[in-house]
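Colleague: I am new to this one. Could you walk me through it, one question at a time?

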Amino acid sequence: MSEQKHDWPRVRLHVVTGKGGTGKSTVAAALALALATHGKNVLLCEVEGRQGIARMFDVDPLPYEERRIATGLPGPEGNPGVVHALHIDPESALLEYLAMYYKLGRAGRALDRFGVVEFATTIAPGVRDVLLTGKVFEAVQRNSRNKKAIRYDAVVLDAPPTGRIAQFLNVNNELAGLARMGPIKSQADTVMTLFRSPRTAVHLVTVLEEMPVQETADGIEELRAARLPVGGVVVNLVRPRDLDRGDLAAALEGNMDRAAIRSDLKEAGVQDGNGLVDGLVAEAGDHAERRALEDDQRALVSELEVPTYELPRLAGGVDLGGLYELATALREQGMA
């Protein structure tokens, strides 16, 4: 059976961002599972220090090293790939950078005790972002000559929120007043070459509410202004569509057929007591009102003119089984 086609065949680095509360980390994890199909290796990275990957996959807190955490979705021939995870913290990234470029070895690790790491990552946030993105770059760029490290078919980065994503990825601008030459400037230039190439896509996660949708639109505008490649928009936490258009209209207007509802309840063996029908009618009205607001926001999302994917709100919350359910939905819609 031929491999299923998807929308991002050339992309090696999938950056996932979104306003806080939209579920961007959940979407990043689901995307990694979806990409790990047909025997592919995928690395899921986080850079915000929250150990969100460990909580989602119910594993021990991640160290600064790549750990296998799950198998991906199986392909048509039943050969799932593997998802590895990496928690990137600026302190460890700086020590690795010093060891790589200045061969400091133990002396580099000793610098941590003197507060050099805290100084470099607090006083100079642009340097911090170069260190974090530099590690992601290294994972994407690996080739067969590096026998000791795993070569990944795709890397998924659970990135900072939408309000900071252009600044985080546009490391050259952040370094403009700090480093005009030297290894760290050279690293920033190299990272930007990847970030602005067709091998990268920045996906934005939103929910169907006014502020997240507006922030998504603003984020797309900022990314394009910085010449960073916009990927797709994932509409997360979509409510089920339990009522058809006619019932929605009746619920909005408060004209639902109470007699028919009582009849349906009776047929199901449920007695109309304690204002059950009135409660159901009120709940239907709230649901219809919410659906109308969501439809307005969905129309605005469609005007963004980028590929759009939708993920349902899971009734039982998001556990590992829920992540696989969301991963399946992303793959079926062509995102992976």
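## Salt bridges and helix 13

Modeller: Start with a contact between two charged side chains. Glu-310 forms a salt bridge with Arg-298, and their closest N and O atoms are 2.7 Å apart. Keep in mind that this is a predicted model.

Colleague: Which elements hold Glu-310 and Arg-298, and how far apart in sequence are the parts they tie together?

Modeller: Glu-310 lies in strand 8. Arg-298 belongs to helix 13, so the salt bridge ties together parts whose separation in sequence is twelve residues.

Colleague: Is Arg-298 buried or exposed?

Modeller: The cut-off for buried is under 20% relative accessible area. Arg-298 has 18%, so Arg-298 falls under that limit. Its partner Glu-310, at 26%, counts as partly exposed. For Arg-298 the answer is buried.

Colleague: Which residue meets Glu-294 in a salt bridge?

Modeller: Look within helix 13, four residues away, about one turn of the helix. Residues three or four places apart point the same way, because an α-helix has 3.6 residues a turn. Glu-294 is buried, at 2%, while its partner is partly exposed, at 22%. The N to O distance is 3.6 Å, and the partner is Arg-290.

Colleague: Which residue of helix 12 is linked to Asp-278?

Modeller: Asp-278 is in helix 13, and the two residues are 20 apart in the chain. Asp-278 is partly exposed at 45%, and the partner is partly exposed at 31%. Their side chains meet at 3.3 Å, N to O, and the partner is Arg-258.

Colleague: How many salt bridges does a search of the whole structure find?

Modeller: Some are linked in a network, which joins Lys-24, Glu-48, Arg-50 and Asp-158. Over the whole structure the search finds 16.

Colleague: What span does helix 13 reach from its first C-alpha to its last?

Modeller: Helix 13 covers residues 276-302, which is 27 residues. At 1.5 Å a residue, 39 Å is expected. The model comes close to that, with 38 Å.

Colleague: Which strands help to cover the buried residues of helix 13?

Modeller: The buried residues include Val-277, Ala-284, His-287 and Val-301. Their cover includes three helices, namely helix 10, helix 11 and helix 12. It also includes strand 7 and strand 8.

## Sheet and cores

Colleague: Which strands stand at the edges of the sheet?

Modeller: Eight strands form an open, mixed sheet in the order 3-4-2-5-1-6-7-8. An edge strand here has a single partner, so one of its sides is left without a neighbour in the sheet. That describes strand 3 and strand 8.

Colleague: Which residue of strand 5 is the bridge partner of Cys-45?

Modeller: Strand 2 and strand 5 run parallel and are joined by five bridges. In strand 5, the partner of Cys-45 is Leu-157.

Colleague: Which helix gives the most to the largest nonpolar core?

Modeller: That core has 47 residues, and Leu-157 is among those with the most contacts inside it, as is Leu-223. Leu-223 touches several residues, including Ile-165, Leu-169 and Val-230. The top contributor gives eight residues, and that is helix 6.

Colleague: At what angle does helix 10 run to strand 6?

Modeller: Helix 10 lies across strand 6 and strand 7. Its angle to strand 6 is about 165°.

Notes
Residues numbered from 1 in each chain as written. Predicted model: local features only at pLDDT ≥ 70, side-chain atom pairs only at ≥ 80, totals over all residues. Heavy atoms only, no water. Expected span 1.5 Å × (residues − 1). Buried < 20%, exposed > 50% of the residue type's maximum accessible area, 1.4 Å probe, protein only. Contact = heavy atoms within 4.5 Å. Core = buried A, V, L, I, M, F, W, Y, C linked by side-chain atoms within 4.5 Å. Salt bridge = Lys/Arg side-chain N within 4 Å of Asp/Glu carboxyl O. Pairing = 2+ DSSP bridges. Axes fitted to C-alpha atoms, helices over the stretch in contact; angles between N-to-C directions.
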